[in-house]
Amino acid sequence: MKRIFLVLMFILMVLLCFAAKRPMSLMRAHYVYEWNSTKPDDGSTRHRKADMILQIGENESRFYSVKDQWLDSLTSTPEGRKQEQMMFDRFIERYTSGDKSARPPQYDVRIQVFKHHAKSKMDLFAGISIDNYTYPVGMNDIQWEIGDSVRTILGYECQQAIADYHGRRWIVWFTPDIPIAEGPWQLHGLPGLIFEAVTDDGDHSFSINGIGEWSSPIEPIPGNKNYIKTDRMSYLRSLHKSCRGGGINEFNLLQMQYGEKTLPEVKRVLKHDFLETDYHEK
């Protein structure tokens with residue numbers, strides 16, 4: 001028993017030391033991400049929502065989906081993977097019996113952003129089908145125009161700012177009352193935390209719905225996934241090719257994930273583009 005106790009204490013000390021080396025978040029903001037997308041089965045439009053969290057540290061931050069974090073945590077252990085398989089089996093049973101409202105255990109957004117302000121760079125983690133990708137993005141290419149408009153959000157006085165970023169025009173509201181040059185997704189660089197951000201066509205938006213102090217380590221993504229290293233343009237072009245050439249519905253995608261590649265070759269037009277659209281440019 002004494003030996004087991006010493007081993008457990010040693011493991012605990014190692015974990016605490018490892019956690020201490022990780023950057024700490026001082027604040028946590030909750031956002032709702034809303035976007036319009038083209039349905040993969042029939043090409044129609046669907047409006048989607050996802051709950052997102054921005055962990056804000058002194059020089060580091062992490063932006064991720066609540067649902068994706070849950071699924072990554074679940075599948076990071078053998079027992080969790082068994083639970084995922086059981087959920088998928090239940091989905092197949094309901095879907096094949098005619099319940100088209102059934103949903104498999106699948107990711108929400110599959111985009112995570114780690115900002116490293118001291119290094120002036122971001123690390124992006126994303127996915128296409130069953131593959132996972134990572135690529136760096138610089139942090140010096142957003143030129144904001146701060147306007148005179150003012151509005152109140154969650155009791156904070158916010159100012160308007162506009163910028164063209166990676167193919168889209170963003171209209172944002174930030175508050176100087178929280179003088180942190182942070183924001184949702186890749187947005188940053190204003191003299192205050194961004195509370196709301198909307199594209200000029202209304203296809204994408206981030207809206208804050210809660211904020212508070214939160215002292216916790218900024219953890220890496222749970223699990224031991226293999227990430228393919230790439231660059232931003234290559235990733236976006238591959239994503240576009242995948243979306244145009246699939247006609248992939250949820251059942252097809254899950255079949256592919258579990259080894260049955262029965263994807264139809266159906267070309268379709270994307271009615272709604274991604275968060276970044278400059279990959280179309282030559």
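The largest nonpolar core, a set of buried Ala, Val, Leu, Ile, Met, Phe, Trp, Tyr and Cys residues joined through side-chain atoms within 4.5 Å, where buried means under 20% relative accessible area with a 1.4 Å probe and protein chains only, has 48 residues, and Tyr31, Trp144, Trp170, Val172, Trp185, Leu187 and Phe206 touch the most other members. Strand E1 (residues 24-38) gives the most to this core, with 5 residues, strands being DSSP runs of E with at least two residues and helices runs of H or I with at least four, numbered from the N terminus. The model is predicted, and local features need pLDDT of at least 70, side-chain atom pairs count only at pLDDT 80 or more, and totals for chains, interfaces and linings use all residues. Residues are numbered from 1 along each chain as its sequence is written, while side-chain values use heavy atoms and leave out hydrogens and water.

**Around Trp144**
- Leaving aside residues up to four places away in sequence, Trp144 is in contact (heavy atoms within 4.5 Å) with Ala161, Ile162, Ala163, Trp170, Val172, Leu187, His188, Gly189, Leu190 and Ile194.

**Helix packing**
- The axes of H2 and helix H3 (residues 78-96) come within 7 Å and cross at roughly 115 degrees, the axes being lines fitted to C-alpha atoms over the stretch in contact and the angles running from 0 to 180 degrees between N-to-C directions.
- Trp70, Leu71 and Leu74 of H2 meet Gly80, Arg81, Gln83, Glu84 and Met87 of H3 in this contact.

**Cavities**
- The whole structure holds 2 cavities of 30 Å³ or more, a cavity being a set of points on a 1 Å grid over the protein atoms alone where a 1.4 Å probe fits but cannot get out, with lining residues having an atom within 4 Å of a point.
- The largest cavity has about 110 Å³ of space, a volume being the space filled by probe spheres set on grid points joined across faces, edges and corners.
- Its lining has 13 residues, of which Asp72, Arg110, Gln112, Lys225 and Tyr227 lie nearest the centre.
- The largest share of that lining, 3 residues, comes from E5.
- The second largest cavity, with about 40 Å³ of space, is lined by Tyr33, Met52, Phe63, Val109, Ile111, Trp185, Phe206 and Leu275.

Definitions and conventions. On a 1 Å grid over the protein atoms alone, a cavity is a set of points where a 1.4 Å probe fits but cannot get out, and a pocket is an open set with protein on both sides within 12 Å along at least five of seven lines; lining residues have an atom within 4 Å of a point. Buried means under 20% relative accessible area, exposed over 50%, partly exposed in between (1.4 Å probe, protein chains only).
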